[in-house]
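This report describes a protein model through its domains, its backbone geometry and its charged side-chain pairs.

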Amino acid sequence: MVSHLENLAVNKKIAVAVAEDDNTIGALIEASKAGFASPILIGCKEKIVKLLSAENVEPNAFQIVDLPDQQEAVTEAVRMVKDGEADVLMKGLIGTDKFLKAVLNKDKGLLPPKAIMSYVCALDLPKYDKLLFVSDTAVLPYPDLNQKIAMVNYSVAMAKRFGIEKPKVALISATEKPNPTFTSSIDDTTICKMADRGQIKDCIVDGPLDVFLACDKESIAIKGVETPINGEADALIFPSLEAANTFYKGLMLFGGGELAGLIQGTIKPVVVMSRSESQKSKFYCIALSCLMA
């Protein structure tokens, strides 16, 4: 992804709300050096300057907007993106609830009327031979049918930005057999029929499937299940936030995975990372936002 951005000669302006933590600053410096991001640091100037100095970076290397009040900082960051002064919005040292409240503001926010906001992440896994896109790990607790359709479309759009012409999308459940006990599996059959009829385009969709059938060819042979995904899924759509969030965190903690993720549905890319996320993860999220902007 990073080399792809460098080859495209992309450079996007990143408005960072409350840019006052070292991992965020470090990731932005790295992205700036790579040449694909131009950060606009919004927050307490004194704190921002100290963080830049600790990284041996001159304060005048970046645009700094001095707004010590967190609410004012996030409001200004959203405004800059909405007005076209920046290409990407990024969360710094501010609570997710305050940050998303500004993003969702009906009059001044970044979500169009009736749009569905969701979250898609790309995982780079040592034991999987391709990137794996996962949704929804952060926004929709129990997505309904329309929300799952949006999740599929967002995941496909992101995969296509990586050059995957026809992504294979697996609708994940505990079993491959539709079961009224798992209400989401009934939605999955509807989504598959919509894809068959061309209502969902530019992808191959199947489900419900468990993770083995979605991502492991040997399991296809063992179980004898025919699926066009064929153990080669590009994207996994989960039935709940709890399931998706636990899945990706387990892969990062125990499987050596690296993640890049974005809010989807907004008029411009929105980077929402936990304040405790590593500098590397934040760097990859910045890179992804610049690719999608």
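The sections below treat the domain arrangement, the unusual backbone features and the salt bridges.

## Domain arrangement

The model is predicted. The protein is divided into domain 1, made of residues 1-114 and 266-292, and domain 2, which covers residues 118-255. Taken over C-alpha atoms, the centres of domain 1 and domain 2 are 29 Å apart.

## The interface between the domains

The size of an interface is often given as the accessible area lost when the parts come together. Between domain 1 and domain 2 the buried area is about 680 Å², and carbon and sulfur atoms give 64% of this area. On the side of domain 1, Leu288, Leu291 and Met292 supply 59% of the area buried against domain 2, more than any other three residues. In terms of contacts, 9 residues of domain 1 meet 7 residues of domain 2.

The count of salt bridges between domain 1 and domain 2 is 0, while 2 residue pairs are in polar contact across this interface. Helix H11, residues 279-292, gives the most to the side of domain 1 that touches domain 2, contributing 4 residues. By residue type, that side of domain 1 divides into 6 nonpolar, 2 polar and 1 charged.

## Cis peptide bonds

Most residues other than glycine have a negative phi, and most peptide bonds are trans. Two departures from the trans form are described here. The peptide bond from serine 135 to aspartate 136 is cis, with omega near -5°. Aspartate 136 belongs to the loop between strand E6 (132-135) and helix H6 (145-161).

The second cis peptide bond joins glycine 207 and proline 208, with an omega of about 5°. Whereas aspartate 136 is in a loop, proline 208 lies in strand E8, residues 204-209.

## Positive phi values

Valine 18 is not a glycine, yet its phi is positive, at about 60°. This residue is placed in the loop between strand E1 (12-17) and helix H2 (22-34). Is valine 18 buried or exposed? With a relative accessible area of 0%, valine 18 is buried, since the cut-off for a buried residue is under 20%.

Aspartate 202 likewise has a positive phi in a residue other than glycine, with a value near 65°. Its position is the loop between helix H7 (183-196) and E8. Aspartate 202 counts as partly exposed, at 47% relative accessibility. The two loop residues thus fall into separate classes, with valine 18 buried and aspartate 202 partly exposed.

## Salt bridges

Side chains of opposite charge can pair when their charged atoms come close. The structure holds 12 salt bridges. In one of them, the side chains of glutamate 76 and arginine 79 meet with an N to O distance of 2.9 Å. Both residues lie in helix H4 (residues 70-82), 3 residues apart, which is about one turn of the helix. Arginine 79 is partly exposed, having a relative accessible area of 29%.

Which parts of the chain does the salt bridge of aspartate 234 and lysine 130 tie together? The side chains of this pair meet at 3.2 Å, N to O. Aspartate 234 lies in the loop between helix H9 (217-223) and strand E9 (235-237), and lysine 130 in the loop between strand E5 (118-124) and E6, so the pair ties together parts that are 104 residues apart in sequence. Aspartate 234 counts as buried at 6% relative accessibility, whereas lysine 130 counts as partly exposed at 26%.

A further salt bridge is formed by the side chains of aspartate 210 and lysine 223, at 2.8 Å from N to O. This pair links distant parts of the chain, 13 residues apart: aspartate 210 is in the loop between E8 and helix H8 (211-215), and lysine 223 is in helix H9. Here too the acidic partner, aspartate 210, is buried, with a relative accessible area of 9%, and lysine 223 counts as partly exposed at 40% relative accessibility. Elsewhere, salt bridges that share partners join Glu76, Arg79, Asp83 and Glu85 into one network.

Technical notes:
Residues are numbered from 1 along each chain as its sequence is written. This is a predicted model: local features need pLDDT of at least 70, side-chain atom pairs count only at pLDDT 80 or more; totals for chains, interfaces and linings use all residues. Side-chain values use heavy atoms; hydrogens and water are left out. Helices (H or I, at least four residues) and strands (E, at least two) are DSSP runs, numbered from the N terminus. Buried means under 20% relative accessible area, exposed over 50%, partly exposed in between (1.4 Å probe, protein chains only). Domain bounds come from an automatic or database domain assignment. Contact means heavy atoms within 4.5 Å. Buried area is the accessible area (1.4 Å probe) that two parts lose on being put together, summed over both. A salt bridge is a side-chain nitrogen of Lys or Arg within 4 Å of a carboxyl oxygen of Asp or Glu. A polar contact is a pair of N or O atoms within 3.5 Å; within protein, one must be able to donate a hydrogen and the other to accept it, and residues adjacent in sequence count only if both atoms are side-chain atoms. Ala, Val, Leu, Ile, Met, Phe, Trp, Tyr, Cys and Pro count as nonpolar, Asp, Glu, Lys and Arg as charged, and the others, Gly among them, as polar.
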